[in-house]
2 protein chains.
Amino acid sequence: MSITPQTGRVAVIGLGSMGAGMAGSLLRAGFSVTACDVDPEAVARFEAAGGRGVATPAQAANGVDVVVCVVVNAAQTEAVLFGPEGAAAAMPPGAVFVSSATMDPAIARRLAARLEETGRHYLDAPMSGGAARAAEGELTFLASGTKAAFDAARPALEAMAGKLYELGDAAGQGAAFKMINQLLAGVHIAAASEAMSFAAKQGLDLHKVYEVITASAGNSWMFENRMPHVLEGDYSPKSAVDIFVKDLGIVQDMARAEKYPVPVAAAALQMFLMASGSGMGRDDDASVARLYAQVAGAVLPSPKD
Amino acid sequence: MSITPQTGRVAVIGLGSMGAGMAGSLLRAGFSVTACDVDPEAVARFEAAGGRGVATPAQAANGVDVVVCVVVNAAQTEAVLFGPEGAAAAMPPGAVFVSSATMDPAIARRLAARLEETGRHYLDAPMSGGAARAAEGELTFLASGTKAAFDAARPALEAMAGKLYELGDAAGQGAAFKMINQLLAGVHIAAASEAMSFAAKQGLDLHKVYEVITASAGNSWMFENRMPHVLEGDYSPKSAVDIFVKDLGIVQDMARAEKYPVPVAAAALQMFLMASGSGMGRDDDASVARLYAQVAGAVLPSPKD
């Protein structure tokens, strides 16, 4: 029998902008939520919202039905599960680990196999949607895993998700769908940046470029979402350059392992690397447009232009 | 005083799928329309629709108010204007030449200057929208030119256009906006193809990939429009690979001339070149996905799969 918010106990590992919102959604739904984070202030905010803060993944996972892991990458996910004070050994048999970090599908399969050997379940559930949708419980999950993993995780997912895609019966498939999305998203940011600064180099009215392109066949979700940052000269990070250094890096690793050429994604990655290497790694990913402009002597809008 | 459909005389040079639709829109609006094409059957269809077919651009342009040039590229446009039996010398003083081919802005400026010296006007007016929208009089024009050129061309444009962007007071700006759109459109087709065949290589359900991506941040107008061709295994040309061989080639020429790097568009162009070189030049541009699949041993849907 599956848990309900009234009886269910959930752990959230990682209280960054995404994890904090997800923990809040779980609390509002009525779950009993424990959580940990390396930042004591994040834990204090979580406690003020009605959660129980603890020091380690093991303490958080002790006795819960669902562990939601909201960390940055595969290495952190592995440490949360199997590192010192890791969650895996503390999870009750039959509990489910919901992994939300973007990672190589091969690693997701490996982590799942290692956890499943011990009688716990693993749901491969990368997500999309930013901090605002996390806080609203309106994230999209690209999930795959066994029926037992879905059954165990579903009540908690329903509290956090606006949309749950069920993409296969084994870990790795959710991760693979996420990587296809990240390949496209990263290329589209780089292309938007290449095009926008090229328009600036030619002296075109960039607001007019935005108007024309968003109504034309050259449009993309990323062009429409990111290029306003360029028009406003605002590179404060909504999503950082280094996220795509990481994610397009994973695409390269996967593609090389499968002997699959990805020349377009490879070119885009080089631009994110140039931006990061130039000191913009923690700035907004639309900073790739600034890099093109710097290299080629194009003039982009300054803040409040 | 500007012409009206009742008094106006328009020439259409080129009666391909776009030009035939545009000529039809002009006829329906009440204009007197002359036209020529190298294909006698296209001219015969035009005459059956109520137009007057002639043999050369010079004959078509003789005595008209507006010449609409609907050919493939800059070289053909130059020949239509200034070649043997060209339109320029036959146009009455004060008439306007509306150039719709996608071309390097520098060439548009050069053609305009040469025509304007003779007392005729030039409107740089590349368009977007396919044959269906041409036939409905619902094309989008990305136009620039002098006020006199716009004034002279406007009644004819209104018969052909759903949307008219007025993008500047000199030839070249319309062409530049079009090239920014083509850079993005070409990259997005290549990226969609790279991603879709990569998904196939990993054994993902491609219909599910389409569903997830079109609802996610990785979406683009081109992904949404072109990938159904891959899902259906239908590579009959809606828009051919060689169109982007041409247009991304122009992007490279422009960028090199301006010392502006376009690594992402350059990678995309190589994929269109590989597809064209492999014999798919006249097939649908979603054939780039077939090329990736062939190279990497991925299996895409066959027709009626």
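Arg256(B) and Asp253(B) share helix 11 of chain B, which spans residues 241-257, and they stand three residues apart, about one turn of the helix. In this predicted model, their side chains form a salt bridge with an N to O distance of 3.3 Å. Arg256(B) is exposed, at 60% relative accessibility, while Asp253(B) is partly exposed, at 38%.

A similar arrangement is found in helix 7 of chain B (residues 147-160), where Asp151(B) and Arg154(B) are three residues apart, about one turn of the helix. These two residues form a salt bridge whose closest N and O atoms are 3.9 Å apart. Asp151(B) has a relative accessible area of 31% and is partly exposed; Arg154(B), at 24%, is also partly exposed.

The salt bridge between Arg110(B) and Glu78(B) has its closest N and O atoms 3.4 Å apart. Because Arg110(B) belongs to helix 5 (residues 105-116) and Glu78(B) to helix 4 (residues 74-82), both of chain B, this pair ties together parts that are 32 residues apart in sequence. Arg110(B) is partly exposed, with a relative accessibility of 45%, and Glu78(B) is partly exposed at 26%.

The three pairs in chain B are listed below.

| Salt bridge | N to O distance |
|---|---|
| Arg256(B) and Asp253(B) | 3.3 Å |
| Arg110(B) and Glu78(B) | 3.4 Å |
| Asp151(B) and Arg154(B) | 3.9 Å |

In chain A, a network of salt bridges links Lys147(A), Asp151(A), Arg154(A) and Glu166(A). Over all chains, the structure holds 24 salt bridges.

Key:
Residues numbered from 1 in each chain as written. Chains lettered and ligands numbered in written order. Predicted model: local features only at pLDDT ≥ 70, side-chain atom pairs only at ≥ 80, totals over all residues. Heavy atoms only, no water. Salt bridge = Lys/Arg side-chain N within 4 Å of Asp/Glu carboxyl O. Helix = DSSP H or I, 4+ residues; strand = E, 2+ residues; numbered from the N terminus. Buried < 20%, exposed > 50% of the residue type's maximum accessible area, 1.4 Å probe, protein only.
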